[in-house]
Amino acid sequence: SKEVGDVSYFGASMGQDSLFVGTYQSRTLTSLSIDNGEEQWKKSVANEGFAANPVYEGGVVYALSTDLDTGKGSLRAFDATDGTELWTVPNIGSTQ
């Protein structure tokens with residue numbers, strides 16, 4: 001097993017020889033090598049945690065982040081290679 005910050009209640013996504021795992025409490029999205037489990041990159045977001053399975057498509061990781069206390073959420077896109085945040089759509093409402 002691989003420590004990713006805290007419990008992930010949602011499944012991971014795979015693409016580009018990587019496994020992408022989001023966590024709610026530590027507010028991180030992590031890319032792990034499927035060959036050896038090494039962390040390739042980790043991104044944190046302020047005030048929202050990842051509360052849904054990330055989705056990989058065409059070199060991009062799409063992830064929903066949310067603040068379960070306020071019911072506000074965001075849709076985010078990250079470059080799968082280095083974790084650069086490509087864009088964010090805020091205030092989409094609850095992602096649950």
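**A chain built from strands**

Strand β8, which covers residues 72–79, is joined to strand β9, residues 85–89, by 4 bridges, and the two strands run antiparallel. This description, like everything that follows, refers to a predicted model. Within the pairing of these two strands, F78 is the residue that stands opposite E85 of β9. The connection between them can also be followed along the chain, since β8 and β9 form a hairpin with 5 residues between them. In the turn of this hairpin lies G83, whose phi is positive, at about 80 degrees.

Strand β9 also leads to the surface of the chain, for L86 lies in this strand. How exposed is L86, given its relative accessibility of 45%? L86 counts as partly exposed because this value falls between the limits that apply, with buried residues under 20% and exposed residues over 50%. L86 does not stand alone there, as it forms a nonpolar patch on the surface with W87, V89 and I92. Together, these four residues have about 340 Å² of accessible area.

Turning from the hairpin to an earlier part of the sequence, the reader finds an open sheet of 4 strands, arranged in the order β1-β2-β3-β4 and with antiparallel pairing. Its edges are formed by β1, residues 13–15, and by β4, residues 39–44, each of which pairs on one side only. From one strand to the next, the twist averages 20 degrees. In general, the strands of a sheet pair through backbone hydrogen bonds, and they may do so in either a parallel or an antiparallel way.

Inside this sheet, strand β2, which spans residues 18–22, is joined by 5 bridges to strand β3, which spans residues 28–33, and these two strands run antiparallel. One residue pair can be picked out by name: G22 has L29 of β3 as its bridge partner.

With these parts in place, the chain can be viewed as a whole. Its secondary structure comes to 9 strands and 0 helices, so that a reading along the sequence gives the pattern β-β-β-β-β-β-β-β-β, in which strands are numbered from the N terminus. The chain has 96 residues, of which 40% count as buried. If one takes the contacts between residues at least 6 apart in sequence, 33% of them join residues that are at least 24 apart. The accessible surface of the chain, finally, comes to about 5,200 Å², and 46% of this surface belongs to carbon and sulfur atoms.

Key: Residues numbered from 1 in each chain as written. Predicted model: local features only at pLDDT ≥ 70, side-chain atom pairs only at ≥ 80, totals over all residues. Heavy atoms only, no water. Pairing = 2+ DSSP bridges. Axes fitted to C-alpha atoms, helices over the stretch in contact; angles between N-to-C directions. Buried < 20%, exposed > 50% of the residue type's maximum accessible area, 1.4 Å probe, protein only. Contact = heavy atoms within 4.5 Å. Areas by Shrake-Rupley, 256 points an atom, 1.4 Å probe, with all protein chains shown as cover. Patch = residues over 30% accessible without salt bridge, like charges linked within 9 Å, V, L, I, M, F, W, Y side chains within 5 Å. Salt bridge = Lys/Arg side-chain N within 4 Å of Asp/Glu carboxyl O.
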